[in-house]
Amino acid sequence: MSYDLVFTSRTGNTRLLAEEIRRTLGENDCGYFGGPEGANLSDGPVYVGFWTDKGGCGPEMEAFLQSLHGREVFLFCTCGFGGDPDYYADILDRAAAHLPADNRVIGRFACQGKMPQPVRQRYLAMQQAGDPQGEKMLINFDRAASHPDEADLAALRQAVLPKQEG
Ligand SMILES: Cc1cc2nc3c(=O)[nH]c(=O)nc-3n(C[C@H](O)[C@H](O)[C@H](O)COP(=O)(O)O)c2cc1C
């Protein structure tokens, strides 16, 4: 069955996930692969991915999600802060809330994504100014630097592949 992949990605992390989904589900069945603007969808499931912007999916993706009707939707994202499943769940819940009720969420996935180096400089300045948050942010930044990694991609493959019956 054909499917579509619609995603936003400023620095490439979410694009890596989108490419892994396409490899996993098969390139030939992929109808549309690209950004939400002007997305030309087939009528199969839609895999919707976004980078986390202020805890949400960003205005462009919000509008796209609001425009979907009668679809099976798989939501995925990357975010700078990692390691807390509740944090991931909240981001995905906020995105899912933009979907009209006649859609069905068939799966979800989130993982950490590396951030640009200037962000580290900001955290370093916070730490040097004695802000206790600075140290925490630096630790998180350095932890994010290797993500999405192979383990993230393996977990993503598990999440998108159809479940084997008992
Ligand atoms: C302007 C801006 C806002 C961001 N806001 C958040 C946020 O609220 N929460 C978070 O966990 N990460 C946040 N991030 C980090 C990105 O979501 C993360 O690095 C993501 O993996 C980037 O994905 P991309 O490479 O596909 O663009 C933000 C990054 C930028 C540039």
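I started with α1 and α6, and they turn out to be oblique to each other, because angles that are neither under 35 degrees, over 145, nor 65 to 115 count that way. Worth jotting down early: this is a predicted model.

Here is the geometry behind that. I have α1 at residues 13–25 and α6 at residues 150–160, with axes that come within 10 Å and cross at roughly 50°. I noted the crossing as right-handed. On the α1 side, the contact uses Leu17, Glu20, Ile21, Thr24 and Leu25, and α6 brings Leu153, Leu156, Arg157 and Val160. Sorted by class, I get 6 nonpolar, 1 polar and 2 charged residues for this contact.

Next I looked up α4 and α5. Residues 117–128 form α4 and residues 132–144 form α5; the two pack at about 150°, axes 7 Å apart. That angle is over 145, so I put them down as roughly antiparallel. Their crossing is left-handed. From α4 I listed Val119, Arg120, Tyr123, Leu124, Met126 and Gln127, and from α5 Gln133, Gly134, Glu135, Met137, Leu138 and Phe141. The classes here are 7 nonpolar, 3 polar and 2 charged.

Last, the domains. The assignment gives me domain 1 as 3–113 + 148–160 and domain 2 as 114–145. I found their C-alpha centres 27 Å apart. How many residues of each are in contact? I have 7 from domain 1 and 6 from domain 2. On the domain 1 side of that contact, I noted 6 polar residues, 1 nonpolar and no charged ones.

Technical notes. Residues are numbered from 1 along each chain as its sequence is written. This is a predicted model: local features need pLDDT of at least 70, side-chain atom pairs count only at pLDDT 80 or more; totals for chains, interfaces and linings use all residues. Axes are lines fitted to C-alpha atoms, for helices over the stretch in contact, and angles run from 0 to 180 degrees between N-to-C directions. Helices (H or I, at least four residues) and strands (E, at least two) are DSSP runs, numbered from the N terminus. A crossing is left-handed if the near helix is turned anticlockwise from the far one by less than a right angle, and right-handed if clockwise. Two residues are in contact if their C-beta atoms, placed from the backbone, lie within 7 Å. Ala, Val, Leu, Ile, Met, Phe, Trp, Tyr, Cys and Pro count as nonpolar, Asp, Glu, Lys and Arg as charged, and the others, Gly among them, as polar. Domain bounds come from an automatic or database domain assignment.
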